[in-house]
Amino acid sequence: MSRQLAMPAGLLAVLLLAAASASAADPAASPGNDDPTVHDPWERTNRGIFSFNEGLDRWFLEPVATGWDFVMPDPVQSSLKRFFRNLGFPVVFVNDLLQGKPVAAAQDVGRFLLNSTAGVAGLFDAASEAGLPENDEDFGQTLGVWGVPPGPYLVLPLLGPSSPRDTGGLAVDSATLAYPLFLPWFVNLASTSVNVVNRRSLLLETIREERKSAFDFYVAVRNAYVQRRENQVNDNEAKPEESDEDLYDVQLLDDAE
């Protein structure tokens, strides 16, 4: 699952409203908005939030993830990622059903049961070895399948690239993940922290190379995110490499996936 959040829906709504209100005076377009297929009327504010997120990443998250990568073997990092993805089963399953995909829903039930048992709580991907494909659905995609347009591009504090449609989808997906409601806050905080740092450690070199090669990293992230979400809604996205699937995704700073 690519975009789940263990975060109260109210906080997501506050973030969305704050970003929208602050950007109301922004021009309809700017010189950086060089892709006519991307609707980015809030670019000035988006760039400010993007810079904040980048600073937080460069000065805090990346150094912590670098230390994590140094002490944690690669197989353990990959197993942790699979463990948290397995916990995201409810979001994928519910959205399979909402999109009218009973076969995919059955596959995901099978994946969850097999990975939770033979895969040792999801640490190992026994389901893929058994031939069960992994699906990637969320409520933002479901809204797109239902015909809801994404709206303007939006960068959320801490959470990264999004849109009004996808931010609403995040709120619904976070409510679908019921397990954080039954765990103490410090357990949720610890698990989320481990997941975020671990996922960032898996992307250390990828993001460094993207930053170096991009003429404008904001535009590169924006355009790639918008294109990827469109592909996901239309079910025409090729299976991504593990290191690429989160690069332009809110999931980098979410997931308690």
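Three exercises on a predicted model follow, each with a worked solution.

Residues are numbered from 1 along each chain as its sequence is written. Local features need pLDDT of at least 70 and side-chain atom pairs pLDDT 80 or more, while totals for chains, interfaces and linings use all residues, and side-chain values use heavy atoms, without hydrogens and water.

**Exercise 1.** Describe how helix 4 and helix 5 pack.

Solution. Helices here are DSSP runs (H or I, at least four residues), and strands are E runs of at least two, numbered from the N terminus. Helix 4 spans residues 89–98 and helix 5 residues 102–117; their axes are 8 Å apart, at an angle of about 165 degrees. The two helices are therefore roughly antiparallel (angles over 145 degrees). Next, the contact (heavy atoms within 4.5 Å) involves F89, V92, F93, D96 and L97 of helix 4 and A104, A105, D108, V109 and F112 of helix 5. These residues divide into eight nonpolar, no polar and two charged.

**Exercise 2.** Classify the aromatic pair of W185 and F186.

Solution. Rings pair if their centres lie within 6.5 Å, and planes over 60 degrees apart count as edge-to-face. For W185 and F186 the centres are 5.9 Å apart and the planes 85 degrees, giving an edge-to-face pair. W185 has 64% relative accessibility and counts as exposed (over 50%; buried is under 20%, partly exposed in between, with a 1.4 Å probe and protein chains only).

**Exercise 3.** Locate A121 and L158, and state the sign of phi for A121.

Solution. A121 has a positive phi of about 60 degrees and sits in the loop between helix 5 and helix 6 (126–129). L158, with phi near 70 degrees, lies in the loop between strand 1 (154–156) and strand 2 (160–162). Both are partly exposed, A121 at 34% and L158 at 42%.

Key. Axes fitted to C-alpha atoms, helices over the stretch in contact; angles between N-to-C directions. Parallel < 35°, antiparallel > 145°, perpendicular 65-115°, else oblique. Nonpolar A, V, L, I, M, F, W, Y, C, P; charged D, E, K, R; others polar. Phe/Tyr/Trp six-rings, centres within 6.5 Å; stacked < 30°, edge-to-face > 60°.
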